Amino acid sequence: MAGGNQTGKLKRLDELFSSEPDRLSRLSLDVGGLYFDWSKTHLDSGLIQQCVKRLEARKFDEKREELFSGGIINPSEGRAATHVAERGNGAPADVDLATARRQRMRALVDAIEGGAFKDVTGVLHIGIGGSVLGPALLVDALGRSQTRVQVRFLSNIDGAAFDEAVSDLDPATTLIVAVSKTFRTAETLANLEAALQWLREGEVADPDGRVIAVTADPEAAVETGVDETRVLQFGEGVGGRYSLWSSVSISAALALGWDAFEELLEGAAEMDRHFRFTEESANAPLIAAFADRFYVEQVGCQTRAIFPYDERLRLLPSYLQQLEMESNGKSVQADGEPIDLPTAPVTWGGTGTDAQHAVFQLLHQGTIVTPVEFIAVSEGDDRQDSDHHLQLLLNAFAQGAALMAGRDSDDPQRRYPGNRPSATILLDRLDARALGALIAFYEHRTFANAVLLGINPFDQFGVELGKEIARSLGEGSVEAILDPSTRALLERAGL
Ligand code: F6P
C-alpha cells in the first residue's frame with residue numbers, strides 16, 4: 001500500500017500511447033450507447049492481468065453469480081441483494097415478486113392519472129438518502145423540459161427545506177409520497193408529519209388519504225396511519241442506495257411517464273447482462289474497478305472526482321457519493337477480518353464547466369493527484385442552444401487532454417506537470433435507457449471494488465452510532481456520551 005501520492009513513479013501516459021499502438025481500442029468500450037474511454041488512465045495489460053488474477057483469488061465469478069441468483073451476498077444482514085431482480089435479472093422467484101410489485105405500482109400510477117385522487121398537479125416526495133437521491137436524479141435528469149406533475153423532493157429535517165419544497169405546491173392538489181425502507185427514519189417521519197399539518201392548514205378534506213407510502217416494512221407504514229391500500233412494498237433485499245429501480249421511484253414514474261420508467265429498467269438490464277457475461281478485459285464495470293483499485297492502492301489517491309459536463313446530470317455526483325461511500329467505506333471484510341488496503345476513496349465532484357472555474361486549479365497543478373471522470377452527452381438537450389452544448393463537449397474533452405499532456409514552462413508557476421489520469425464516459429444521448437445503464441454501471445463497479453477488497457457492500461452499520469447518540473440526547477440521556485467538547489456545544493446552543 002502506498003502512503004501518499006507516488007505519481008513520480010508512474011509511467012507517462014503519452015509514452016504509453018506511443019508504445020502501445022492499440023491502447024485506445026483496448027481501453028475503450030461501447031455498451032448500449034455509452035462509450036467508455038480509460039486510455040488516459042495508467043491501466044495497461046499488465047495491471048489488468050494482475051487484477052484479473054485477484055478476481056480469481058477472490059472467487060469473483062461465484063460472487064457475481066450469487067448476486068444474480070439471489071444468494072446471501074449480504075451476510076451481515078443474512079440477505080440477498082435483489083436490486084438486479086427489479087430489472088428482470090435476478091433469481092426467478094425474486095423477479096416474479098418484483099414484477100408483481102411493479103404491477104401494483106403501475107396500477108397506482110394509472111389510478112392517479114385516471115383521477116382516483118381527483119386533480120393531482122404536484123407530488124411532495126419525502127425520503128432521505130437512498131429513498132430520495134435516485135428519484136431526484138431521475139426527475140432532474142429526464143424531466144427538465146416537461147413533467148406530467150410537478151415533483152418536489154424533501155429530505156432534510158429543516159423547516160427551511162420544508163418551506164422551499166412546498167413553496168410552489170398547492171396543498172389541495174398535492175399528493176404526499178413518503179418513502180422509507182424502514183419507515184422508522186426520524187427525518188422522514190418528522191417531514192411526513194409536517195406535510196400532513198400543511199395539508200390540514202390548507203383545509204384539504206382528507207389529508208391522510210393523500211399519502212402514499214413506499215417501504216419494505218408495510219406494517220410500520222400502516223402503524224403511522226397510512227391505509228394499506230396506499231402502501232407500496234419493495235423487497236428487503238433492495239438496499240436503499242440500490243432502490244430507485246423499485247416503487248421508490250413512483251414520483252419519477254408520475255413525473256416522467258411509465259414508459260420512461262420501463263426504459264430505465266431496460267437500460268440497467270442491458271448493463272447487467274454486459275457485466276454478467278462479458279470477459280474481464282472488455283467488461284466496463286470491471287475495468288473501471290481495476291483503475292479505482294490501482295489509483296487508491298498503488299498511487300495513494302484518497303479521492304476520485306466526477307464531473308458531468310451536462311447540467312441534467314448535476315445530481316449524479318451526490319447520488320454516487322452515497323452509492324460508493326456507503327457501500328465500500330469500510331475497514332473490515334465480510335468475515336470481520338481487517339482490510340490491510342485502503343478501501344473506498346472519497347467520491348466528490350461537480351458540473352463542468354462551473355467546476356473548471358473553481359476546483360480545477362488543484363487538479364492541474366496541486367500536489368494531490370485525483371483520478372477524474374468526465375461524463376458528457378453527444379446530443380444536447382432540445383431546449384439548449386447548440387453552440388452552448390458544443391462548448392460543453394469541447395471543454396470536457398480539452399480538460400482530459402490538458403490533464404494528460406500538461407505543459408512545460410521556464411516559469412514554475414505556469415508549469416503543468418501533466419500525466420494526470422482521467423476517464424471519459426460519453427453518452428450518445430441522455431434518455432431513460434442510457435441513464436439506467438449508466439447508474440447500473442456504477443452499481444456493478446462498486447460491487448466489483450467490494451469483491452476485490454472482500455467487503456460486503458450491502459450493509460451500512462457505520463451510519464448508526466451518530467443517530468443513536470442524537471436520539472439519546474433528544475431523550476435527555478446526556479450522560480450517555482458527554483465528552484467536554486460536546487457538553488460545551490450543547491450548553492453554548494442553549495440545550
Ligand atoms: O442512514 C443511512 C440510511 O439508512 C441509508 O442507507 C438509507 O438510504 C437512508 O438512511 C434512508 O433510510 P430509510 O429508507 O429506511 O428511511
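**Exercise 1.** Which residues does the domain assignment give to domain 1, domain 2 and domain 3 of the protein chain?

*Solution.* Keep in mind that you're looking at a predicted model. Start with domain 1: the assignment builds it from two stretches, 7-78 and 263-461. Next comes domain 2, which covers 83-260. Domain 3 takes 464-492. Now find the centres of domain 1 and domain 3 from their C-alpha atoms: 39 Å separate them.

**Exercise 2.** Work out the strand order of the five-stranded open sheet, then find its edges.

*Solution.* Step one: read across the sheet, and you get β4-β3-β5-β6-β7, with parallel pairing. Step two: look for strands that pair on one side only, and you land on β4 (150-154) and β7 (231-233). Step three: check the turn between neighbouring strands, which averages 20° with direction ignored. Step four: zoom in on β3 (residues 122-126), which runs parallel to β4 and is joined to it by five bridges. Here Leu124 has Arg152 in β4 as its bridge partner. Finally, add the helix: α6 (residues 92-113) packs on this sheet and touches β5 (174-179), β6 (211-215) and β7. The direction of α6 makes about 150° with that of β7.

**Exercise 3.** Now do the six-stranded open sheet: what is the order of its strands?

*Solution.* Going across, you should find β1-β2-β11-β10-β8-β9, and the pairing is mixed. The edges are β1 (28-31) and β9 (346-349), each pairing on one side only. From one strand to the next, the twist averages 15°. For a parallel pair, pick β8 (residues 303-308) and β10 (residues 372-377), which share four bridges. Pro308 sits opposite Ile375 in β10. Then place the helices. Helix α14 (residues 316-328) lies across β8 and β9, at about 175° to β9. Helix α16 (residues 386-405) touches β10 and β11 (422-427), and its direction makes about 155° with that of β10.

**Exercise 4.** Describe how α3 and α13 pack.

*Solution.* Two packed helices are described by the angle between their axes and the distance between the axes. For α3 (residues 45-57) and α13 (residues 284-298), the angle is about 100° and the axes are 10 Å apart. Angles of 65 to 115 degrees count as roughly perpendicular, so that's what α3 and α13 are to each other. Who makes the contact? Leu47, Ile48 and Cys51 come from α3, and Phe290, Arg293 and Phe294 from α13. Sort these residues and you get five nonpolar, no polar and one charged.

**Exercise 5.** Which residues come nearest to the ligand?

*Solution.* Of the 14 residues around the ligand, pick out Gly129, Gly130, Ser180, Thr185 and Gly240. The whole shell divides into two nonpolar, nine polar and three charged residues.

Notes
Residues numbered from 1 in each chain as written. Predicted model: local features only at pLDDT ≥ 70, side-chain atom pairs only at ≥ 80, totals over all residues. Near = placed C-beta within 6 Å. Nonpolar A, V, L, I, M, F, W, Y, C, P; charged D, E, K, R; others polar. Pairing = 2+ DSSP bridges. Helix = DSSP H or I, 4+ residues; strand = E, 2+ residues; numbered from the N terminus. Axes fitted to C-alpha atoms, helices over the stretch in contact; angles between N-to-C directions. Contact = placed C-beta atoms within 7 Å. Domains from an automatic or database assignment. Parallel < 35°, antiparallel > 145°, perpendicular 65-115°, else oblique.
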